[in-house]
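Work through the exercises below with the sequence and the model in view. Each task is followed by a solution in steps.

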Amino acid sequence: MQGQKKYTNQTFTKRVDHEAGRHHTARAMTEPAVCKVCGDVYADRRWTVPEPEAQSEKHPHFRPATQVVCPACQRQEEGVPSGYVYLEGAFFAAHRDEIKRLIQNEIERTAVKNPLARMMEWEDEGTEKATITTTTEHLAQRLGHALEKAFDGEVRYDFSHENKLARVYWRRG
Ligand SMILES: [Zn+2]
């Protein structure tokens, strides 16, 4: 549910995660640290998914000393999302699998840049409605854009600056 981590070495080394860095510059944390829940690594002020092969060549005995819970796992544990995506309509009911695949792909693409962007839950409400919760507000907005681009329909974005909470409503009848 929280996404299969299928990153190729190539995509991972080519990209820089501006997102992850930006979210955590305010918080001083001991480096390197590892999330004891998902295993992501915090170093150089950003979170990354560790690459076992690359790491073992360079630092055969590298083990981050500090064990923490990364912000994404923390949200998951506490059940506090940063984003909601509401899906609705007859088109959604008829193309559920296709839509689910698009969302999964978009989540994986986002995770390359920011491994802290994850889906928390996919909750179905009957056949014509579903709610997705995400660990970052940015991911919810991205999913809205991806849905709009791929399937049209109507989309509405609500963003609360106060608590940094994004709500995205997408429907196609
Ligand atoms: Zn984690």
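**Exercise 1. A charge over a ring**

Task: Find the ring over which the charged end of R172 sits.

Solution: The model is predicted. Start from R172: its charged end sits over the ring of F91, 3.7 Å from the ring centre. Then look for K100, which lies over the face of W122, 4.5 Å from the centre of that ring.

**Exercise 2. Classifying aromatic pairs**

Task: The structure holds 7 aromatic pairs. Decide whether the pair of Y42 and W47 is stacked, tilted or edge-to-face.

Solution: First take the distance: the ring centres of Y42 and W47 are 5.2 Å apart. Next take the angle between the planes, which is 50°. Planes under 30 degrees apart count as stacked and planes over 60 as edge-to-face. The angle of 50° fits neither class, so the pair of Y42 and W47 is tilted. Both residues are buried.

Task: Do the same for Y86 and Y169, and state which strands the pair ties together.

Solution: The centres of Y86 and Y169 are 4.8 Å apart, and the planes meet at 15°. This pair is stacked. Y86 belongs to strand β5 (residues 83-88) and Y169 to strand β9 (residues 165-171), so the pair ties together parts 83 residues apart in sequence. Ring pairs also bring in Y84, giving a cluster of Y84, Y86 and Y169.

**Exercise 3. Buried or partly exposed?**

Task: Assign Y86 and Y169 to a class of accessibility.

Solution: Buried means under 20% relative accessible area, and exposed means over 50%. Y86 has 22% relative accessibility, so Y86 counts as partly exposed. Y169, at 27%, also counts as partly exposed. For the chain as a whole, 40% of the 173 residues count as buried.

**Exercise 4. Reading the sheet**

Task: Give the strand order of the open sheet and name its edge strands.

Solution: The chain has 7 helices and 9 strands. Of these strands, 5 form an open sheet with mixed pairing, in the order β6-β7-β5-β9-β8. The edge strands are β6 (119-125) and β8 (154-160), each of which pairs on one side only. On average, neighbouring strands of the sheet are turned by 10° against each other, direction ignored. β6 pairs with β7 (residues 129-134) in the antiparallel sense over 6 bridges, and M119 stands opposite T134 in β7.

Task: Which strands does helix α7 lie across?

Solution: Helix α7 (residues 137-151) lies across β5, β6, β7, β8 and β9. The helix runs at about 15° to β9.

Key
Residues numbered from 1 in each chain as written. Predicted model: local features only at pLDDT ≥ 70, side-chain atom pairs only at ≥ 80, totals over all residues. Heavy atoms only, no water. Helix = DSSP H or I, 4+ residues; strand = E, 2+ residues; numbered from the N terminus. Buried < 20%, exposed > 50% of the residue type's maximum accessible area, 1.4 Å probe, protein only. Phe/Tyr/Trp six-rings, centres within 6.5 Å; stacked < 30°, edge-to-face > 60°. Lys NZ or Arg CZ within 6 Å of the ring centre and 35° of its normal. Pairing = 2+ DSSP bridges. Axes fitted to C-alpha atoms, helices over the stretch in contact; angles between N-to-C directions. Contact = heavy atoms within 4.5 Å.
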